[in-house]
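Q: I would like a close look at a single part here, namely the aromatic rings and what lies around them. Please begin with the overall frame, and keep the reasoning explicit where a classification depends on a cut-off.

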Amino acid sequence: KRLEEGYSAQTVKHIHRLLHRALNDAVRWDLVTKNVCDRVDAPRVAKREMKAFTPQEAQSFLKAAQGDPLETLYILALTTGMRRGELLALKWEDINFKQEMLQVRRTIAHIPHQGFITAEPKTVKSRRSITLTTLAIEALKQHRAQQNEQRLKAGPAWIDQDWIFCKKDGTPIEPSTLLRRSFYPLLLKAEVPKIRFHDLRHSTASLLLSQGVHPKIVQELLGHSQISMTLDTYSHVLPSLQKEATDRLNTLLSKTV
């Protein structure tokens, strides 16, 4: 019925999952005798085509972002693989400049009629530490200096909530505003394919795997709960890696013949 009303398969699947869990609790508490959701199949969700920047496209995008107020956000996106909600939820307390580390402690979303909602990261693995690149560290230091200037300029109007990425008054950035006013215009400026913001995360993983970084490291960086998720999601990158691996094996064994 929900599908007929125009809801997406993904939304209906979420509804089914929620009801199924609630009724499982009801069965466990002897409130009902069976979970009727077991008799209803959730709709199959078509897998979205994943897009990722090539190394050249990633460089073009970062070049186009130079001087942009959110340049540091895009550098972090491509060097850490963090989700959009995780990036926008970063606070200065999450950055350890001495150890060159970042802590993912929360995520933020904007709910219509409710405002900004912060929550724990998606999974236990999502709450993670990330080693920062030199590029990211330098960008963060420059961004902090610019934000301090902005704070002084705003004066009493500044609302200090410690957000790294914020509006001119110190309050959080709405995700939709980020896409509309910054991300999509930068894609046009860089003359690169139009991708989703989430595809920056895919780009990070694809670039690392193509450079021979072990999938376990990529799993930990992205905060995937299991390595199988990483391997399944980025299997398109692995054939080229398999070719390199078989070439090395061939070379090794040929020496013994």
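**The aromatic cluster and its surroundings**

A: The accessible surface of the protein is about 16400 Å², and carbon and sulfur atoms account for 54% of that area. The model is a predicted one, and every value below is computed from its coordinates. Its 257 residues include a buried share of 36%, and the C-alpha atoms occupy a box of roughly 75 × 65 × 35 Å along the principal axes. Ten helices and five strands make up the secondary structure. When contacts between residues at least 6 apart in sequence are considered, 57% of them connect residues at least 24 apart. As for charge, the protein carries 39 positive and 27 negative charges, whose mean positions lie 1 Å from each other.

Turning to the rings themselves, the whole structure contains eight aromatic pairs. In the pair formed by F183 and Y184, the ring centres are 5.6 Å apart and the planes meet at 45 degrees, a value between the 30 and 60 degree limits, so this pair is classed as tilted. Ring pairs also tie F53, F61, Y74, F183, Y184 and F197 together as a cluster, and this cluster is the part to follow here.

F183 is a convenient starting point, with a place in helix α6, which covers residues 175–190. Its relative accessibility is 0%, and because buried means under 20%, F183 counts as buried. Once neighbours within four places in sequence are set aside, F183 contacts F61, Y74, L178, I195, R196, F197 and L200; F61, Y74 and F197 are also members of the ring cluster. By way of contrast, the C-alpha atoms of F183 and R44, which are 139 residues apart along the chain, are separated by 31 Å.

Y184, the ring partner of F183, has a relative accessible area of 29%; this value falls between the 20% and 50% limits, so Y184 is described as partly exposed. The ring of Y184 also has a charge over it, since the charged end of K194 sits there at 4.7 Å from the ring centre. A second arrangement of this kind involves the charged end of R144, which is placed over the ring of W92 at 5.9 Å from its centre.

Another cluster member, Y74, leads to helix α3, which covers residues 71–80 and has nine of its ten residues buried, so that the helix is largely enclosed by the rest of the structure. The buried residues of α3 are T72, L73, Y74, I75, L76, A77, L78, T79 and T80. As general background, an α-helix has 3.6 residues a turn, so residues three or four places apart point the same way. After α3 comes G81, which has a positive phi near 75 degrees.

Helix α4, residues 84–88, holds R84, and L87 also has its place in α4. L87 is buried, at 0% relative accessibility, and beyond its neighbours within four places in sequence L87 touches L73, L76, A77, M82, F165 and F197. Three of these contacts, L73, L76 and A77, are among the buried residues of α3, while F197 belongs to the ring cluster. The C-alpha atoms of L87 and G115 are 18 Å apart, and the two residues are 28 places apart in sequence.

R84, by comparison, is classed as partly exposed because its relative accessibility of 30% lies between the 20% and 50% limits. Leaving out neighbours within four places in sequence, its contacts are P175, L178, L179 and F197. The C-alpha atoms of R84 and F197 lie 7.2 Å apart, although 113 residues separate the two in sequence. F197 is therefore a shared contact, as it touches F183, R84 and L87, while the accessibility of R84 leaves that residue partly exposed.

Finally, two backbone details concern loops. D162, in the loop between α5 (134–154) and α6, has a positive phi of about 75 degrees although it is not a glycine, and D162 is partly exposed at 26% relative accessible area. E100, in the loop between β1 (95–96) and β2 (101–103), likewise is not a glycine and has a positive phi, here about 55 degrees; with a relative accessible area of 36%, E100 is partly exposed.

Methods. Residues numbered from 1 in each chain as written. Predicted model: local features only at pLDDT ≥ 70, side-chain atom pairs only at ≥ 80, totals over all residues. Heavy atoms only, no water. Helix = DSSP H or I, 4+ residues; strand = E, 2+ residues; numbered from the N terminus. Buried < 20%, exposed > 50% of the residue type's maximum accessible area, 1.4 Å probe, protein only. Contact = heavy atoms within 4.5 Å. Areas by Shrake-Rupley, 256 points an atom, 1.4 Å probe, with all protein chains shown as cover. Lys, Arg positive; Asp, Glu negative; His and termini not counted. Charge placed at Lys NZ, Arg CZ, Asp CG, Glu CD. Phe/Tyr/Trp six-rings, centres within 6.5 Å; stacked < 30°, edge-to-face > 60°. Lys NZ or Arg CZ within 6 Å of the ring centre and 35° of its normal.
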